[in-house]
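This report walks through one protein chain, beginning with a local backbone feature and moving on to the overall fold. Keep the structure open while reading.

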Amino acid sequence: MAIYDQKQQAIAEKIDPETILMNWRDWKWQLQHVVQDIDTFERLLEIRLEDSEKQKLEETLARFPLSITPYYLSLIDAKDYQNDPIYKQAFPSVSELHVGEFEMRDPLHEEQDSPVPGITHRYPDRVLFQVCGMCSMYCRHCTRKRKVGDEGAAPSREQLQGGIEYIKRTPSIRDVLLSGGDPFLLSDQVLDWILSEVRRIPHVEVIRIGTRTPVVLPYRITDELLMVLKKYYPLWINTHFNHPREITESAKLALAKMADAGIPLGNQSVLLAGINDSPVIMKKLVHKLVQNRVRPYYLYQCDLSEGLEHFRTPVGKGIEIMENLIGHTSGFAVPTYVIDAPGGGGKIRVLPNYLVSWSTDKVVLRNYEGVITTYQEPQTYESIYKGSGKNQEIGDKLEEAQEYKAIGIAKLLSDLDATISLIPENTERMTRSHE
Ligand SMILES: *Cc1c(COP(=O)(O)O)cnc(C)c1O
Ligand code: SF4
């Protein structure tokens, strides 16, 4: 019986000659048979690696484990595997042992910006909550490589409880992002428990889940899982497709199930050298995503995590890709290109320049074709919304008027805040004045 295609059939038979379609599409069967060593990898794909290379790869595996679902493995083109975008994301490379001069263990300071274990609270109104330490496939480019797949990094029930308590006692949090690892590797029951606890917190408006299962384990999206998720709307899901080849019939089915269940879907891609660092590939990817009701959300510049240098591209490559998307294709198919600031500054968007110049009454802009145009500013304009004080005087017409406290650059722009500059603590000038 054909499992899905001949390649999957051949792999399934090598894993277990008794495998039937139902097993292959059972996410637990897939997890029981994840490929975790090089010999099995070679056997299933019928490829042979050099012995000397294998030895070096073992060293890589001792630091960063290997795990590939049979499904994701079946997407590799064994005939040209060295150039294959699936292979490069899934199979270790000796380059991972090379730590570049500027690379760090935790470049995003996720551990420093953590008020309680498992929570990263970086932005005013939202938190990242790491609820699971495992992934079904260990992406070689993972920014949390230091942790993912490390058995000891799986959060305990107490740690999860601690995270929930932190969200409960922090009323400014209106958006909770469940991440990991991959939250969908938790059982339906545990996920149900976490979601119900978070949903019960009155100030939490939205819950988001980041998962790569639609890409590497699409069979995880079961009717039972959807029954759980449906109880906790509004719930947004972001997934992680990096290459159009990952959008297979199985992946499409998983996406359709979630979209049909009313879950808004987004996608976060990482810009990866030799995998998707081309305007043509990225355009194809975003088109396939929107065809499957997934909105491209972020395109990430690859982080400065240790051992990722071979995946990194210059920022210019990302800008070139954005130049090839903006205006050239549907606005909602264009992701936001971001660099996650080393040191914990958060995501910073990067764009080609469209504002060419301006004067007091005109701005000069350019479009994607290179047309240069002007926009005439209004002759008279008075801003009546100036911040909290004025808003309250005129009644801000919001249902639930809230004190608005500007921070950051917004504070410099506010007419109601006397701050005229933001100055780093440790400038030479500051040090001198304290002497
Ligand atoms: C990415 C991220 C978020 C969510 O950021 P959005 O821009 O709202 O998607 C929240 N917290 C942390 C620590 C993050 O890294
Ligand atoms: S799915 Fe995400 S967390 Fe898991 S290995 Fe891949 S990038 Fe890392």
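G181 is found in the loop that runs between β3 (175-179) and α9 (188-199). The peptide bond leading into this residue, from G180 to G181, is cis. Its omega is near 15°. The model is a predicted one, and every value below is computed from it.

## Backbone features

A second cis peptide bond joins Y233 and P234. Here omega is about -5°. P234 sits in the loop between α11 (223-229) and β5 (235-239).

Two residues carry a positive phi without being glycine. One is H109, with phi of about 50°. H109 lies in the loop between α7 (85-90) and β1 (119-123). The other is R293, with phi of about 65°. R293 lies in the loop between α13 (279-291) and β7 (294-300).

How exposed are these two side by side with the cut-offs? H109 has 21% relative accessibility. Buried means under 20% and exposed means over 50%, so H109 counts as partly exposed at its 21%. R293 has 46% relative accessibility, so R293 also falls between the two limits and counts as partly exposed.

## The annotated lysine

Which residue does the UniProt annotation "modified residue: N6-(pyridoxal phosphate)lysine" cover? The annotation covers K347, and it comes from an unreviewed UniProt entry.

K347 is found in strand β9, residues 346-349. Its relative accessible area is 29%, so K347 is partly exposed. Leaving out residues up to four places away in sequence, K347 touches three tyrosines: Y123, Y298 and Y300. It also touches V338, I339 and D340. The strand β8 spans 336-341, so V338, I339 and D340 belong to the range of that strand.

K347 and L178 are 169 residues apart in sequence. Their C-alpha atoms are 17 Å apart in space.

## The loop before β9

G343 lies in the loop between β8 (336-341) and β9. With a relative accessible area of 39%, G343 is partly exposed. Beyond its neighbours within four places in sequence, G343 is in contact with P107 and H109. H109 is the residue with the positive phi of about 50°. This contact links the loop between β8 and β9 to the loop between α7 and β1.

## A residue in helix α3

L31 is found in helix α3, residues 27-32. Is L31 buried, exposed or partly exposed? Its relative accessible area is 26%, so L31 is partly exposed. Neighbours within four places in sequence aside, L31 is in contact with S136, L185 and L217.

## Separations in sequence and space

The table sets three residue pairs side by side. Distances run from C-alpha to C-alpha.

| Pair | Apart in sequence | Apart in space |
|---|---|---|
| G343 and L195 | 148 residues | 30 Å |
| K347 and L178 | 169 residues | 17 Å |
| L31 and S269 | 238 residues | 24 Å |

## The whole chain

How many helices and strands does the protein have? It has 17 helices and 12 strands.

The protein has 435 residues and a radius of gyration of 24 Å. A compact globule with that number of residues would have a radius near 22 Å, which agrees with the value for the protein. Along the principal axes, the C-alpha atoms fill a box of roughly 75 × 55 × 50 Å.

Buried residues make up 47% of the 435 residues. The accessible surface comes to about 22,500 Å². Carbon and sulfur atoms account for 53% of that surface.

Contacts reach far along the chain. Among contacts between residues at least 6 apart in sequence, 72% join residues at least 24 apart.

Charge closes the picture. The protein has 51 positive and 61 negative side chains. The centres of the two sets lie 3 Å apart.

Technical notes. Residues numbered from 1 in each chain as written. Chains lettered and ligands numbered in written order. Predicted model: local features only at pLDDT ≥ 70, side-chain atom pairs only at ≥ 80, totals over all residues. Heavy atoms only, no water. Helix = DSSP H or I, 4+ residues; strand = E, 2+ residues; numbered from the N terminus. Rg over C-alpha atoms; globule rule 2.2 N^0.38 Å. Buried < 20%, exposed > 50% of the residue type's maximum accessible area, 1.4 Å probe, protein only. Contact = heavy atoms within 4.5 Å. Areas by Shrake-Rupley, 256 points an atom, 1.4 Å probe, with all protein chains shown as cover. Lys, Arg positive; Asp, Glu negative; His and termini not counted. Charge placed at Lys NZ, Arg CZ, Asp CG, Glu CD. UniProt positions renumbered as here; feature names shortened; annotations may be inferred.
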